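Here is a quick tour of a protein model for someone who would rather be at the bench. Have a look at the structure first, and then we can go through it piece by piece.

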Amino acid sequence: MVTSFDIPRLVIAAPSSGSGKTTVATGLMAAFSERGLAVSPHKAGPDYIDPGYHALATGRPGRNLDAFMCGPDLVAPLFAHGAAGCDLAVVEGVVGLYDGAAGRGELASTAQVAKLLRAPVVLVVDASSQSRSVAALVHGFASFDPQVRLGGVILNKVGSDRHEVMLREALEEAGMPVLGVLRRAPQVATPSRHLGLVPVAERHTDALASVSALAAQVRAGCDLDALMALARTAPQLDCEAWSPDRAAPAAGAPGPERSPGRRPVIAVAGGAAFTFSYAEHTELLTAAGAEVVTFDPLRDEALPEGTTGLVIGGGFPEMYAPELSANEPLRAAVAAFAGAGGPVAAECAGLLYLGRSLDGKPMCGVLDADARMSERLTLGYREAVAVSDSALAQAGTRLRGHEFHRTVIEPGAGATPAWGFTHPERRVEGFVQQGVHASYLHTHWAAEPSVARRFTEAAAARR
């Protein structure tokens, strides 16, 4: 059923990475939340880390809108699902406004997401090394695609009052509203490392302080009333909101009348080492009939009671290899569960954890493979097809996903690989053995909800 959603919304974009999108988007989310508004946080693209900061700023799950992995047709429905009942939605863009999947035109770009959401765009410009040229830059971004509505600019890293005056004069000539001016403020910088920002789960107290400082900076430098007025100019969005219950209904009678005691227990790895997950995955597993329980491989020495399925997603196990290795009871429990044929879905960090070793530290030994850190960053979208039947996917299932890691595992594929990549290069990757499906590929299950249903059914069969 198509419904009209009247949700005020903004897309926060930039000419390029490093301009300050995350600073501004997170600060705006926090500042509007402090006003008592229910703010729905979103991130264009596949990134897992920024949504953690968004969730901290708003108290709601940070959700991704990725037109490559989920397809353009799901962007608005997923947005409507996440933003239902909210007063405002803020979408942080990815890289530069018009940058998308390599060789695919606008696909998966912030511009495409803005058009699909019919949302006004605020451009965050790093003004640290320019003055009047800012007008030419903004004019180019405003005129490149007439369907993208650029509603104003927030100037970041402005050096002085005189610098601000020059920038404002230039943009006034260009007819572009200045909705905010932020000075250089190193005290609100968020630490980074080899894959981007350090996740919230690894620095929760400091992250809270950072988000609070971002909110204060944005309150002081941005016109929140003008930004809210711009958000309210977004027209009604006509679509059917995505629903996990419709996407992956449980076998038998769906809904609250199902007895929780009869649900298969699916344990999902969390904690500081395993922070990468999409909110929709848990929602789909729950809708499919599972009881989802989180555990921390750094601290818990046993799997949750009654575990019949195991999901180990992405994260930074390379930063915690000694601690993960030291938790021998849990490693043994995971190995025993997998060895008995229990269904296991592992992505990236999970793949490394299931291997024999990581940087020389013993891991679970489920897979006859060894992993290590690498200087080379593997990053990009992939198109994949399931090579064989597994607890996660039926042979021939096609999914789009992404790789994002600075590790290598040898061998890169088992006797029965998990995926055959069809684009951008052709190769096989990952491992399928007994109930285990392990791969570097990150996927978004909303694009193919059958994987959540299939995995839950495999877990139910273990009860």
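## A look at Val158

Val158 has a relative accessible area of 1%, so this residue is buried. Bear in mind that what you have on screen is a predicted model. If you want to find Val158 along the chain, look in strand β7, which covers residues 150-158.

Which residues does Val158 touch, once its neighbours within four places in sequence are left aside? The contacts are Ala127, His163, Glu164, Leu167, Val181, Leu182, Arg183 and Arg184. For a sense of distance, try Ala447: Val158 and Ala447 sit 289 residues apart in sequence, and their C-alpha atoms are 41 Å apart in space.

## The overall build

Zooming out, the protein has 14 helices and 24 strands. The C-alpha trace spans about 70 × 50 × 40 Å along the principal axes. The radius of gyration is 23 Å, and that agrees with a compact globule, because a globule of 463 residues would come out near 23 Å.

How much of the chain joins up over long stretches of sequence? Take the contacts between residues at least 6 apart in sequence: 76% of them join residues at least 24 apart.

## Inside and outside

Val158 has company, as 57% of the 463 residues count as buried. On the outside, the protein exposes about 18000 Å², and 51% of that comes from carbon and sulfur atoms.

Now for the charges. The protein has 40 positive and 48 negative ones. Average the positions of each set, and the two mean positions are 2 Å apart.

## The cysteines

If you're wondering about disulfides, the count is zero. Why is Cys70 not bonded to the closest cysteine sulfur? That sulfur belongs to Cys239 and lies 14 Å from the one in Cys70, which is too far for a bond, because a disulfide needs the two sulfur atoms within 2.5 Å.

Cys86 is in no disulfide either, and its nearest cysteine sulfur, again in Cys239, is 14 Å away.

Are Cys70 and Cys86 buried or exposed? Cys70 has a relative accessibility of 11%, so it counts as buried. Cys86, at 10%, also counts as buried. The cut-off behind both calls is under 20% relative accessible area.

Terms used
Residues numbered from 1 in each chain as written. Predicted model: local features only at pLDDT ≥ 70, side-chain atom pairs only at ≥ 80, totals over all residues. Heavy atoms only, no water. Helix = DSSP H or I, 4+ residues; strand = E, 2+ residues; numbered from the N terminus. Rg over C-alpha atoms; globule rule 2.2 N^0.38 Å. Buried < 20%, exposed > 50% of the residue type's maximum accessible area, 1.4 Å probe, protein only. Contact = heavy atoms within 4.5 Å. Areas by Shrake-Rupley, 256 points an atom, 1.4 Å probe, with all protein chains shown as cover. Lys, Arg positive; Asp, Glu negative; His and termini not counted. Charge placed at Lys NZ, Arg CZ, Asp CG, Glu CD.
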